[in-house]
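User: I am new to this structure and should be grateful for a close look at how its helices pack. Please also describe, as a continuation, the open and enclosed spaces.

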Amino acid sequence: MKKVIVCDAIHVKGFKVLAREGIEVIDGVKLSKDELLKILPQAHVAITRSSTDVDEKFLNASVNLKAIVRAGVGVDNVDLDACSKRGIIVMNVPTANTIAAVELTMAHILASARSLPQAHNHLKNDRIWKREQWYGIELAGKKLGVIGFGNIGSRVAVRAKAFDMEIIAYDPYIPSSKVTDLGMEYTEDFNKILECDFITIHTPKNKETVGIIGEKEIAKMKDGVRLINVARGGLYDEVALENGLRSKKVAYAGVDVFSYEPATNHPLLDLENICVTPHLGANTLESQEKIAIQAAEQAIAAIRGTSYPNALNLPFKPEELPSFIVPYVELIQKMAYMAAQINKHPITSIKLSAEGNVGKYINSMLSFALVGAFKESLGDNINYVNAPFIAQERDVKTDVTVEPKSGYDNKVTVKIATQKGITSISGTVFGENEQRIVNINGFKTDFKPKGKMIVFKNRDVPGVIMDISSILAKHQVNIADFRLGRDEHGMALAVILVDEAIDKEILTSLNELPTCIWAEYAVL
């Protein structure tokens with residue numbers, strides 16, 4: 001009989017669902033890590049939470065494991081690449097805690113307006129009745145800036161609007177109509193968010209969003225702004241947030257998540273004008289019950305092999321495809337991800353084309369291209385199962401074609417169209433797995449799809465390389481490689497591989513060069 005091991009505590013309803021379906025359950029909740037490793041070889045599916053690291057030791061012991069269900073959203077503690085290489089499917093439960101997170105956000109917004117924790121402590125603990133010390137502000141008529149208008153952010157906005165707040169939303173990866181249809185304001189100008197009375201953030205944690213609110217952004221805010229974070233630790237630069245709170249530039253903050261947890265000695269805890277909670281976003285009885293039930297249902301589906309809901313990694317074994325196709329599957333996802341980083345606007349269509357024998361399998365690659373394209377905006381919330389549905393929901397048109405050969409034995413191309421234009425990237429594979437990108441927007445190039453890179457389009461005139469090098473040298477950024485393509489119309493496109501991360505300041509300096517058409521940063 002196939003067995004499911006539950007490694008971390010889940011609601012009892014999850015155990016009941018498994019038992020009702022006749023699944024043999026191994027209860028590993030109270031086992032030490034060493035004891036857990038000894039019993040893992042018996043398991044075919046594992047249910048975990050944040051307390052169990054799915055690392056090399058865990059996977060080495062899991063010789064019969066076919067799937068892992070992360071009972072929650074984040075998979076920071078799961079080595080996805082290692083799981084994929086071993087043919088282990090990783091799933092998460094991304095929506096069960098939505099309402100819990102939304103309502104906790106509203107609680108922090110209200111607490112920040114009326115200093116509820118401090119007033120409570122003053123009366124209950126200090127036994128002081130001093131009403132005049134606790135003047136707050138009303139939500140009605142105030143502007144709420146919502147960064148990230150997805151599953152949680154949009155629901156926060158709806159509830160805040162019921163308090164007569166004016167909602168301004170920033171999310172470059174959704175159609176503006178998703179906001180405006182609700183009678184709210186959509187903006188592509190991040191500075192408009194910084195002008196709000198309250199700001200709440202609801203984005204995935206990735207290279208674009210870590211530190212999205214820092215010293216410069218706080219300096220632009222109005223005096224007395226109130227900041228909320230119930231999403232992911234590190235989206236606000238915590239040093240900048242501390243400085244803003246100490247100076248009273250930030251009147252109050254509501255924080256549920258920290259860069260490093262448990263955050264029992266965090267400097268923010270020393271401040272008076274803040275309400276902190278210990279990562280309670282999913283901590284309601286209802287959400288814990290939903291998470292446990294959905295995790296159990298996903299484990300049952302995985303045991304039976306009927307489906308893999310919310311799968312986050314490769315949904316098939318590499319040996320089920322011809323060996324030469326596997327690197328093209330990986331390549332097409334990387335190219336779509338790169339295109340989405342270069343063209344950061346709501347996607348309207350994704351087109352794939354192939355040349356050579358790889359064309360026979362191009363239809364099966366569409367989900368991988370969709371995952372790559374949406375990863376920039378959705379992070380862990382996109383997977384191979386839900387990608388086609390998200391494309392349909394967002395009215396993203398898809399197309400797949402096979403083209404005649406143009407010089408390569410096999411070549412694949414991804415074209416991503418947005419409201420601002422089309423980005424086209426082509427690639428091929430040399431040998432067994434030598435992946436190369438060979439064309440970007442009609443400019444010939446040749447580089448491995450790996451690492452940090454600046455993509456720079458410019459007028460093809462003398463001095464451009466020197467200008468770029470000067471800016472990078474000024475910021476102590478080392479150039480690892482420089483690939484240049486030129487066309488017949490006086491234009492050029494460079495792919496500059498660098499050793500250090502490129503921040504907004506560097507990218508702005510590059511875009512301000514007189515010869516620059518545009519410059520973007522991508523990481524593969």
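**Helix packing and the spaces in the model**

Analyst: Helices α1 and α12 are roughly parallel to each other. This holds because an angle under 35 degrees counts as roughly parallel, and in this predicted model α1 (residues 12-20) and α12 (residues 285-304) pack at about 25°. Their axes lie 7 Å apart, and α1 passes α12 in a right-handed crossing. On the side of α1, the contact is formed by K13, G14, V17 and L18; α12 contributes E289, A292, I293, A296, E297, A299 and I300. Sorted by class, the residues of this contact comprise 7 nonpolar, 1 polar and 3 charged.

A second pair of helices is α5 (98-114) and α7 (residues 153-162). The axes of α5 and α7 come within 9 Å and cross at roughly 45°, and the two helices are therefore oblique to each other. The crossing of α5 past α7 is right-handed. From α5, the residues T98, I99, V102, T105, M106 and I109 take part in the contact, and from α7 the residues R155, V156, R159 and A160 do so. This contact divides into 6 nonpolar, 2 polar and 2 charged residues.

Helix α5 also leads to the open spaces, since α5 is among the elements that each supply at least two residues to the lining of the second largest pocket. The others are α6 (116-124), β11 (250-255) and β12 (274-276). Of the contributors, α6 gives the most, with 4 residues. The second largest pocket has a volume of about 390 Å³, and 23 residues line it. Nearest its centre lie Q118, W134, Y252, E272 and N273. By class, the lining of this pocket consists of 11 nonpolar, 7 polar and 5 charged residues.

There remains the enclosed space. The count comes to 1 cavity of 30 Å³ or more, and the largest cavity has a volume of about 40 Å³. Its lining is made up of N229, G234, Y236, E238, L241, V255, V257, F258 and L268. These residues fall into 6 nonpolar, 2 polar and 1 charged. V255, one of the residues lining the cavity, belongs to β11, which spans 250-255; β11 also supplies at least two residues to the lining of the second largest pocket.

Key:
Residues are numbered from 1 along each chain as its sequence is written. This is a predicted model: local features need pLDDT of at least 70, side-chain atom pairs count only at pLDDT 80 or more; totals for chains, interfaces and linings use all residues. Side-chain values use heavy atoms; hydrogens and water are left out. On a 1 Å grid over the protein atoms alone, a cavity is a set of points where a 1.4 Å probe fits but cannot get out, and a pocket is an open set with protein on both sides within 12 Å along at least five of seven lines; lining residues have an atom within 4 Å of a point. Grid points are joined across faces, edges and corners, and a volume is the space filled by probe spheres set on the points. Ala, Val, Leu, Ile, Met, Phe, Trp, Tyr, Cys and Pro count as nonpolar, Asp, Glu, Lys and Arg as charged, and the others, Gly among them, as polar. Axes are lines fitted to C-alpha atoms, for helices over the stretch in contact, and angles run from 0 to 180 degrees between N-to-C directions. Angles under 35 degrees count as roughly parallel, over 145 as roughly antiparallel, 65 to 115 as roughly perpendicular and the rest as oblique. A crossing is left-handed if the near helix is turned anticlockwise from the far one by less than a right angle, and right-handed if clockwise. Contact means heavy atoms within 4.5 Å.
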